[in-house]
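I am opening this notebook to keep track of what I look up in the structure, entry by entry. Strand pairing comes first, then aromatic rings, then confidence.

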Amino acid sequence: MPNAILRVGPYADSNPLQFYSKETGIEQGEKSVNVSNTHWPNADWRAFFFASYGNEVNSERTEVNSGYVGLNGASGSKESLPTVFTVEWPSVGGGADPLLGGGFFYQATESFKLKLKYKFWNGFSVIRIRIVGEKIGTSSGSSPTQFLSHTIAPAGGGGSFPGPNIDDEYEIELPASVLGQIRISMTGEGLDAIAGTNWTLEFTTA
C-alpha cells in the first residue's frame with residue numbers, strides 16, 4: 001500500500017516544528033513538506049541547502065551557495081530539480097567556520113529509508129557531518145521528539161578520515177510522523193584549509 005498523505009501542509013518551520021497553511025514568510029524559514037520519499041502530484045520532493053563561512057574579526061557570515069535539490073531515485077519528477085548540492089569553497093583572507101547546512105520536512109504514515117551521500121576532499125581540516133531528526137507523533141499540536149542524532153566523523157573522534165577523497169553514504173530510517181524533519185550540518189576547521197575544494201551532499205532513495 002502506498003505511503004498515504006496525512007495532510008497537505010504544504011509548508012513548515014523548525015522553530016518550533018509546525019505546519020503553515022500557506023507560503024507566508026517562505027524566505028524566513030518555512031519550507032515545503034515532502035510526502036515520504038515520493039513526489040507530490042504537482043511538485044517535486046525537495047530539500048534545502050545553504051553554504052556560508054564566517055569572519056575571523058566579527059560575527060558576520062557570507063553565503064557561498066544555496067538552493068533546493070530533489071531526491072535522486074524518486075520517479076515521476078516534474079520540475080527536474082538538481083539532485084546534488086555542491087559548494088566550492090573560495091580562498092578568502094580572514095574566512096572561518098565553513099558550514100554546509102540544510103535538510104527537509106516530511107510526513108508519512110509508514111516508516112521509510114533514505115540515503116545521505118557525501119563527498120569531500122580530506123585535507124587539513126577536521127570535517128564533521130551532523131544529522132538530527134525530529135518528529136511530531138500524532139497531531140500537529142504535539143511536542144516534537146528526537147528520533148535521530150548521529151555524527152559522521154573520523155574513527156576515535158579525532159584526526160582525519162582515511163584517504164584523500166571521501167565518497168560515502170549514510171542510511172537514514174525515518175519513522176511515520178504527522179510532521180518530521182531532518183537537519184544536516186557539515187562543518188570544518190578554518191576556510192584556508194578547504195579553499196578551492198568542493199563539498200557535496202545528495203539524498204537518494206534507499
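How many bridges join S6 to S13, and do these strands run parallel or antiparallel? I looked this up first and found that four bridges join S6 to S13, with the two strands running antiparallel. I note at the outset that I am reading a predicted model.

**Entry on the sheet.** I then followed the pairing outward and found an open sheet of four strands in the order S6-S13-S8-S11, with antiparallel pairing. Its edge strands are S6, residues 85-88, and S11, residues 165-174, each of which pairs on one side only. I also looked up the angle between neighbouring strands of this sheet, and on average they are turned by 15° against each other when direction is ignored.

For single residues within the sheet, I noted that Val 87 of S6 has Trp 199 as its bridge partner in S13. At the other edge, S8 (residues 112-121) is joined to S11 by ten bridges, and this pair also runs antiparallel. Phe 120 has its bridge partner in S11 at Ile 166.

I returned to S6 to look at its two faces, and recorded Phe 85 and Val 87 on the covered one, with Thr 86 and Glu 88 on the uncovered one.

**Entry on aromatic rings.** A search of the whole structure gave me ten aromatic pairs. I took up Phe 48 and Tyr 68, whose ring centres are 5.3 Å apart; their planes stand at 70°, which is over the 60 degrees required, and therefore the pair counts as edge-to-face. This pair links distant parts of the chain, since Phe 48 belongs to strand S4 (residues 47-55) and Tyr 68 to strand S5 (residues 62-69), 20 residues apart.

Are these two rings buried or exposed? I found neither description to fit: Phe 48 has a relative accessible area of 23% and is partly exposed, and Tyr 68, at 25% relative accessibility, also counts as partly exposed. Both values fall in the partly exposed class because buried means under 20% and exposed means over 50%.

I next wrote down Phe 104 and Phe 203, another edge-to-face pair, with 5.0 Å from centre to centre and 90° between the planes. Here the partners are 99 residues apart, with Phe 104 in strand S7 (residues 95-108) and Phe 203 in strand S13 (residues 198-205). Both Phe 104 and Phe 203 are buried.

The same two residues turn up in a cluster that ring pairs build from Trp 45, Phe 49, Phe 85, Phe 104, Tyr 106, Phe 112 and Phe 203. Phe 85, which I had already listed on the covered face of S6, is also one of its members.

I also checked for charges over rings and found Arg 46 lying over the face of Tyr 68, at 5.0 Å from the ring centre.

**Entry on the whole chain.** I counted zero helices and 13 strands in the protein chain. Of its 206 residues, 42% count as buried. Among contacts with a separation of 6 or more, 72% come from residues 24 or more positions apart.

**Entry on confidence.** The chain averages a pLDDT of 84, and 82% of the residues score at least 70. Over residues 25-29, however, the pLDDT is below 50, and this stretch has five contacts in the model beyond near neighbours in sequence. I leave those contacts uninterpreted, because predicted coordinates should not be read in detail where pLDDT is low.

Note on methods: Residues numbered from 1 in each chain as written. Predicted model: local features only at pLDDT ≥ 70, side-chain atom pairs only at ≥ 80, totals over all residues. Heavy atoms only, no water. Pairing = 2+ DSSP bridges. Axes fitted to C-alpha atoms, helices over the stretch in contact; angles between N-to-C directions. Phe/Tyr/Trp six-rings, centres within 6.5 Å; stacked < 30°, edge-to-face > 60°. Buried < 20%, exposed > 50% of the residue type's maximum accessible area, 1.4 Å probe, protein only. Lys NZ or Arg CZ within 6 Å of the ring centre and 35° of its normal. pLDDT = per-residue confidence, 0-100. Contact = heavy atoms within 4.5 Å.
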